[in-house]
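Good morning, and thank you for making time for this presentation. Please take a moment with the sequence and the structure before I go through them.

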Amino acid sequence: MIHSVPAAHADEAGARAETMARFLRDVPVPFTRVLSLWVGYRLRRDPRQPDTRHHLTPRQAHLLGLPPHTEVTRREGYLVPHLGDQGPRLAAITALVHQRGLELDEPGREELSRGYTPLGMLVTGARRATHYATTTRAPDDPDFADPLPDDPDDVPALWCQATLLSAGRPVALVRETVYRVAFTGRRPPDLTPYLTPAPPRLVS
């Protein structure tokens, strides 16, 4: 069942989504950490379906610095509150992961296979290079063909795509959809101290 949202609340949620979009564009922090900071509690990954094999398209391979048709792992999951089983789905994430590039130790590989720890929390020193973060629905993206549809109760409010890097090397392409519920809870913290200041302008 889809619940209607008062216009004022929808406008406030939209403004908050715009703020998060700017934050994601300006700060190279993994998405899970940004969302956790925003909502004020720890998150875990809830697998949406079993991991599958995926062969990179030429453009995907270029973005990951790998030969075309390299086999990677496609992971579909939700981000939900770490504690409890009835928390809201805050975001959906699709990731194309080059597992060998992650260079995880054995405990890390086990955590990855269990599927409940977000990728950005598994990769030490992970950095994020955002391709886009927008509150306008992004067009169909050939890099993520056949996306899984959103559940009717999950109302998208922010769409993002990025490359995740480890030790400066790309290891995953990720696409995130943040749901409106993430922007209708408590007032988020002041993020301005984390934002990169604009470069000085030269005046001739």
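I begin with the surface. The accessible surface of the chain amounts to about 11600 Å², and carbon and sulfur atoms contribute 55% of that area. Of the 204 residues, 44% count as buried.

I should state at once that this is a predicted model. The chain has a mean pLDDT of 84, with 84% of its residues at 70 or more. Where is confidence lowest and where is it highest? Helix α1, residues 7–26, has the lowest mean, at 83, whereas β2 has the highest, at 95. A separate remark concerns residues 198–204: pLDDT stays under 50 there, and the model has 0 contacts for this stretch beyond four places in sequence.

Let me turn to the fold. The chain contains 6 helices and 6 strands. Read from the N terminus, the order of elements is α-α-β-α-β-β-α-α-α-β-β-β. Among contacts with a separation of 6 or more, 68% are between residues 24 or more positions apart.

How are the strands arranged in the sheet? The 6 strands make an open sheet with antiparallel pairing, in the order β1-β2-β3-β6-β5-β4. The edges are held by β1, residues 43–55, and β4, residues 127–134; each has a single partner strand, so one side of each is left without a neighbour in the sheet. On average, neighbouring strands are turned by 20° against each other, direction ignored.

As one example of the pairing, β5 (residues 156–166) and β6 (residues 169–179) run antiparallel and are joined by 10 bridges. Within this pair, Leu158 stands opposite Val178 in β6. Helix α2, residues 31–39, packs on the sheet, where it touches β1, β2 (71–81), β3 (91–97), β4 and β6. The direction of α2 makes about 160° with that of β1.

I now come to the charged side chains. In general, side chains of opposite charge can pair when their charged atoms come close. The structure holds 11 salt bridges, and I shall discuss three of these pairs.

The first to consider is formed by the side chains of Arg89 and Asp151, with an N to O distance of 3.7 Å. Arg89 lies in the loop between β2 and β3, and Asp151 in the loop between β4 and β5, so this salt bridge ties together parts that are 62 residues apart in sequence. Both partners count as partly exposed: Arg89 has 29% relative accessibility, and Asp151 has 31%.

The next pair is Glu106 and Arg109, whose side chains meet in a salt bridge at 2.7 Å, N to O. These two residues are 3 apart in helix α5, residues 106–114, and so are separated by about one helical turn. Glu106 is partly exposed, with a relative accessible area of 42%, and Arg109 is likewise partly exposed, at 43%.

Finally, Glu176 forms a salt bridge with Arg128, the closest N and O atoms being 2.7 Å apart. This pair links distant parts of the chain, with Glu176 in strand β6 and Arg128 in strand β4, 48 residues apart. Are these two residues buried or exposed? Both Glu176 and Arg128 are buried.

One network deserves mention as well: salt bridges with shared partners join Arg89, Asp151 and Asp154. With that, I close and welcome discussion.

Note on methods: Residues are numbered from 1 along each chain as its sequence is written. This is a predicted model: local features need pLDDT of at least 70, side-chain atom pairs count only at pLDDT 80 or more; totals for chains, interfaces and linings use all residues. Side-chain values use heavy atoms; hydrogens and water are left out. Two strands pair if DSSP finds at least two bridges between them. Helices (H or I, at least four residues) and strands (E, at least two) are DSSP runs, numbered from the N terminus. Axes are lines fitted to C-alpha atoms, for helices over the stretch in contact, and angles run from 0 to 180 degrees between N-to-C directions. Contact means heavy atoms within 4.5 Å. pLDDT is the predictor's confidence in each residue, from 0 to 100. Buried means under 20% relative accessible area, exposed over 50%, partly exposed in between (1.4 Å probe, protein chains only). Accessible areas come from the Shrake-Rupley method with a 1.4 Å probe; for residues, only the protein chains shown count as cover. A salt bridge is a side-chain nitrogen of Lys or Arg within 4 Å of a carboxyl oxygen of Asp or Glu.
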